[in-house]
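Reader: I am new to this structure and would like a close look at a single part of it, with the charged side chains around that part explained step by step.

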Amino acid sequence: MERRIRLRRPSDVRCVYDEGQSYTHRCMVLVARPNDLDFSRVGVTASRRVGGAVARNRAKRLLREAARHLYSHFGSGWDIMLIARAHILDLNEPQVEEVLASLLHRAGLGT
């Protein structure tokens, strides 16, 4: 069974923001940073710019599901933050997964 870890500690998230490299798309931002571990960790966030609580939760669900499907492509040893943008609400799950795959490829993390 592959190991999927969520990035939760505020200090770890801050390190990703401060030291990571970002890759943008109109519906999300991917920020990646090496973590010196033998597995990757993923964090998801959506600010109030995305919308109300229902919209933010939907955006985060879309990102988590796309990350779950593509986790095997992340490689090991990365901390990754996925930040939702308002345009993510215009997409469905397969489209979000496609955008995430393209960002992973641009970041050199995906196949």
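Which residue in S5 is the bridge partner of Met-28?

Author: In this predicted model, the bridge partner of Met-28 in S5 is Ala-84. That pairing belongs to the contact between strand S3, residues 28–34, and strand S5, residues 78–84, which run antiparallel and are joined by seven bridges. Both strands sit within an open sheet of five strands, whose order is S1-S4-S5-S3-S2 and whose pairing is mixed. At the edges of this sheet are S1 and strand S2 (21–24), each of which pairs on one side only.

Strand S5 also carries a charged contact that deserves attention, since Asp-79 forms a salt bridge with Arg-41, with the closest N and O atoms 2.8 Å apart. This pair links distant parts of the chain, because Asp-79 lies in strand S5 and Arg-41 in strand S4 (residues 41–46), 38 residues apart. Asp-79 is buried, with a relative accessible area of 1%, and Arg-41 also counts as buried, at 15% relative accessibility.

The contact is part of a wider arrangement, for Arg-9, Asp-12, Glu-19, Arg-33, Arg-41 and Asp-79 are linked in a network of salt bridges. Within this network, the side chains of Asp-12 and Arg-9 meet in a salt bridge at 3.8 Å, N to O. Here the two partners differ in their surroundings, as Asp-12 counts as buried at 14% relative accessibility, whereas Arg-9 is exposed, with a relative accessible area of 53%.

The count of salt bridges comes to seven, and one of them joins the side chains of Arg-68 and Glu-65, at 2.6 Å, N to O. These residues are three apart in helix H2, and therefore separated by about one helical turn. Arg-68 counts as partly exposed at 42% relative accessibility, and Glu-65 likewise counts as partly exposed, at 22%. As a general matter, side chains of opposite charge can pair when their charged atoms come close.

Helix H2, residues 53–70, has a further role in the picture of charge, giving the most to a positive patch, with three residues. That patch lies on the surface, where Arg-6, Arg-8, Arg-58, Arg-61 and Arg-64 gather. Among them, Arg-6 is found in strand S1, residues 5–6, and S1 is an edge strand of the sheet described above.

Key. Residues are numbered from 1 along each chain as its sequence is written. This is a predicted model: local features need pLDDT of at least 70, side-chain atom pairs count only at pLDDT 80 or more; totals for chains, interfaces and linings use all residues. Side-chain values use heavy atoms; hydrogens and water are left out. Patches are made of residues with over 30% relative accessible area and no salt bridge: like charges are joined within 9 Å, nonpolar side chains (Val, Leu, Ile, Met, Phe, Trp, Tyr) within 5 Å. Accessible areas come from the Shrake-Rupley method with a 1.4 Å probe; for residues, only the protein chains shown count as cover. A salt bridge is a side-chain nitrogen of Lys or Arg within 4 Å of a carboxyl oxygen of Asp or Glu. Lys and Arg count as positive and Asp and Glu as negative; His and the chain ends are not counted. The place of a charge is taken as NZ of Lys, CZ of Arg, CG of Asp or CD of Glu. Helices (H or I, at least four residues) and strands (E, at least two) are DSSP runs, numbered from the N terminus. Two strands pair if DSSP finds at least two bridges between them. Buried means under 20% relative accessible area, exposed over 50%, partly exposed in between (1.4 Å probe, protein chains only).
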